Amino acid sequence: MSNAASSVDVKAAEDHLMKFLSVEGVTGEEAAIAAAVSDELKKVGVPASAIRFDDVNKRIPLPTQTGNLIVDIPGTRSGPRLLFSTHLDTVPLCAGAKPKREGNRIVSDGTTALGGDNRTGCAVLVTLAETLLKHKLPHPPITLLFTVREESGLHGARELKAADLGGVTMCSTLTANFPPN
């Protein structure tokens with residue numbers, strides 16, 4: 001088997017990121033980005049039956065369009081269920097973002113903030129699923145969690161029912177913080 005790192009399709013990962021950066025999804029209004037992530041997961045081979053939304057939006061005390069996006073990827077080997085988590089929403093400064101490439105960087109067109117926090121995490125988790133499935137890499141059961149309303153107080157994570165995560169034993173949370181230009 002080749003090195004797993006060499007199995008990552010960098011172009012596909014960048015394409016996922018560019019797609020997600022251009023989708024609306026400020027805090028509380030995550031339905032469009034949740035749909036885009038869900039669609040992209042299906043395109044990379046995640047069965048629709050593995051993709052679901054919880055009802056956290058009904059428990060959040062602020063208007064919230066959708067629940068957390070939860071994806072259950074069956075393991076190809078035994079082991080504890082792993083959780084990889086990120087959030088769907090961006091801050092209001094990112095509304096209407098138009099990403100573009102400048103050399104080896106992805107930047108906004110200057111009229112809005114970019115939204116790298118946390119469209120980057122969304123792209124990483126989709127790329128993780130794509131890489132595991134495409135290359136049939138051995139892995140334990142995995143849950144991917146895309147929370148809502150992180151930017152306004154971690155509401156999607158705080159109101160989450162642990163039972164909805166399938167008994168995870170370990171978690172890694174992906175967030176993006178970028179240095180200034």
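Here is a walk through this predicted model, from its helix packing to its cores and a few backbone details.

Local features are taken where pLDDT is at least 70 and side-chain atom pairs where it is 80 or more, while totals for chains, interfaces and linings use all residues. Residues are numbered from 1 along each chain as its sequence is written, and side-chain values use heavy atoms, with hydrogens and water left out.

Let us start with the helices. Helices here are DSSP runs of H or I with at least four residues, strands are E runs of at least two, and both are numbered from the N terminus. Two packed helices are described by the angle between their axes and the distance between the axes. The axes are lines fitted to C-alpha atoms, for helices over the stretch in contact, and the angles run from 0 to 180 degrees between N-to-C directions.

Take helix 1 (residues 10-21) and helix 3 (residues 116-134): their axes come within 8 Å and cross at roughly 140 degrees. That makes helix 1 oblique to helix 3; angles under 35 degrees count as roughly parallel, over 145 as roughly antiparallel, 65 to 115 as roughly perpendicular and the rest as oblique. The crossing of helix 1 and helix 3 is right-handed, a term used if the near helix is turned clockwise from the far one by less than a right angle, with left-handed for an anticlockwise turn. On the helix 1 side, Ala12, Ala13, His16, Leu17, Phe20 and Leu21 meet Gly116, Arg119, Thr120, Cys122, Ala123, Val126, Thr127 and Glu130 of helix 3, where contact means heavy atoms within 4.5 Å. The residues of this contact divide into 8 nonpolar, 4 polar and 2 charged. For these classes, Ala, Val, Leu, Ile, Met, Phe, Trp, Tyr, Cys and Pro count as nonpolar, Asp, Glu, Lys and Arg as charged, and the others, Gly among them, as polar.

Helix 1 also packs against helix 2, at an angle of about 155 degrees and with the axes 10 Å apart. That makes helix 1 roughly antiparallel to helix 2, and their crossing is right-handed. Here His16, Lys19 and Phe20 of helix 1 meet Ile33, Ala36, Val37, Glu40 and Lys43 of helix 2. By class, this contact has 4 nonpolar, 1 polar and 3 charged residues.

Now to the interior. The largest nonpolar core has 31 residues, of which Val37, Leu41, Val71, Leu144 and Phe146 touch the most other members. Such a core is a set of buried Ala, Val, Leu, Ile, Met, Phe, Trp, Tyr and Cys residues joined through side-chain atoms within 4.5 Å. The elements giving two or more residues to this core are helix 1, helix 2, strand 2 (69-73), helix 3 and strand 6 (142-147), and helix 3 provides the largest share, 6 residues. Beyond its neighbours within four places in sequence, Leu144 is in contact with Leu41, Leu69, Ile70, Val71, Ile73, Phe84, Leu125, Leu128 and Ala129. Apart from the largest core lies another, of 5 residues, among them Ile70, Leu83, Leu145 and Leu160.

Three residues are worth a visit here. Ala34 lies in helix 2 (residues 31-43) and is buried, with a relative accessible area of 0%; buried means under 20%, exposed over 50% and partly exposed in between, with a 1.4 Å probe and protein chains only. With neighbours within four places in sequence set aside, Ala34 is in contact with Phe53, Thr66, Leu69 and Leu88. Leu88 sits in the loop between strand 3 (82-87) and strand 4 (99-102) and counts as buried at 0% relative accessibility. Under the same sequence exclusion, contacts of Leu88 include Ala34, Val37, Cys122, Phe146 and Thr147. Thr147, in strand 6, counts as buried at 5% relative accessibility.

The backbone has some details to look at too. Most residues other than glycine have a negative phi, and most peptide bonds are trans. The peptide bond from Asp117 to Asn118 is cis, with omega near 5 degrees, and Asn118 is in helix 3. Arg149, which is not a glycine, has a positive phi of about 50 degrees; Arg149 is in the loop between strand 6 and helix 4 (155-158) and counts as buried at 9% relative accessibility. Leu154 is in the loop between strand 6 and helix 4 and has a positive phi of about 60 degrees, but is partly exposed, with a relative accessible area of 44%.
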